[in-house]
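Got a new structure open and wondering where to begin? Let's walk through it together.

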Amino acid sequence: MSGMSVLDPPVERHLGLNDALHPDRIWIRALRFAVGVFVLVALARKTFDATLPGNDVDVAQLYSEFTVQSNLALGIVLIISAALPRTRLPEWWDHLFGALAFYLVMTGIIYVVLVAPPEEPWWSLDLYWPQLAHHRVAPLFAALDWLLVTRTVRGKWGRPLVWLSYPAAFLVFSWVRGAIDGWYVYDFLDPTLDGGWPAALTTTAQVLVTFLVIATLLHGAGNARSALAVRHTRR
C-alpha cells in the first residue's frame, strides 16, 4: 500500500480509500500528535488551575472526573499512535482506541445533557479553553478517527460490554468516594441532593442505558469500517 506498513489482517478491499486513510499516513499521525498534545496541555492547565485558591475542585478531585481520566488516556494513546507505526502496536490497540472513542463521545454527550450550565447552547465554542479541548475537540476527533481511519481488526459481539466495564467501575468508585468524603464528582450521582438515592439511581440507569446504546453503535460502526477493508471470513 504505497509504502505503508501492511496491516494485520491485510487490506483486501477498496485499496485506494484505505491507502489514503492508512493510520501510518504522515498527516494522520501529525493530527493525532497535535490533538494528543492539545488534550494533555489542556489537562496540565486544569491541573495548575486546581491548585489556585478558590478553585471549585482540588487536584485529587479533578483526577476523579471521568472527563479527565478519559482525556488523559486518549492524549497518551494518540501520541503513541502518532509515534509508532500501526504494526508496532498490538492487535488489541484498535479495541482500546474504540473504547476511548466511546468514552469521549459519552463525555461530550453527558456534558451537554447533564453538566453544562442550562444557558450554554450545546453548539457553543465559548468555553474555558481546557473545557473546549476536553468536551468538544477530543470527542469529535476521537469519533472521526474511529469512523474514518483504516482498521482491519474486527470486534466480537461482547466488545461493548467490555467497554462498559470502566464506566461501571467508575460509578462504584464515585459512590464509595462520596460516601467517604461527601464529595460526588457529578451532581447526578449525588444521593444527598433532592430526590436522594431514587433520583440518583434513576438518572444513573438512564445514563447506563445510553452508554450501552452508544457503545453498541460505535462497535457496529467500527466493524463496518473494518468491513470496508477486509472480507471477514476468518475472524
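Here is a short tour of some salt bridges and a few helix residues. Keep in mind that this is a predicted model.

Let's begin with the charged pairs. A search of the whole structure turns up seven salt bridges. One of them joins Asp-145 to Arg-32, with the closest N and O atoms 2.8 Å apart. That pair links distant parts of the chain, since Asp-145 sits in helix 6 (residues 129-148) and Arg-32 in helix 2 (residues 26-50), 113 residues apart. Asp-145 counts as buried, because its relative accessibility is 5%, under the 20% cut-off. Arg-32 is also at 5%, so it counts as buried too.

Next up is Asp-94, which forms a salt bridge with Arg-151 at 3.8 Å between the closest N and O atoms. Asp-94 lies in helix 5 (residues 93-115) and Arg-151 in the loop between helix 6 and helix 7 (159-181), so this pair ties together parts that are 57 residues apart in sequence. Both Asp-94 and Arg-151 are buried. These two pairs also belong to a bigger picture: Arg-32, Arg-86, Asp-94, Asp-145 and Arg-151 are linked in a network of salt bridges.

Back in helix 2, Asp-49 and Arg-45 are four residues apart, so about one helical turn separates them. They form a salt bridge as well, with the closest N and O atoms 3.0 Å apart. Asp-49 is buried at 9%, while Arg-45 is partly exposed at 35%.

Finally, look at Ser-70 in helix 4 (residues 66-83). Ser-70 is buried, because its relative accessibility is just 2%. Its contacts farther along the chain include Leu-100, Tyr-103 and Tyr-166.

Conventions
Residues numbered from 1 in each chain as written. Predicted model: local features only at pLDDT ≥ 70, side-chain atom pairs only at ≥ 80, totals over all residues. Heavy atoms only, no water. Helix = DSSP H or I, 4+ residues; strand = E, 2+ residues; numbered from the N terminus. Buried < 20%, exposed > 50% of the residue type's maximum accessible area, 1.4 Å probe, protein only. Contact = heavy atoms within 4.5 Å. Salt bridge = Lys/Arg side-chain N within 4 Å of Asp/Glu carboxyl O. Lists of a residue's contacts leave out its neighbours within four places in sequence.
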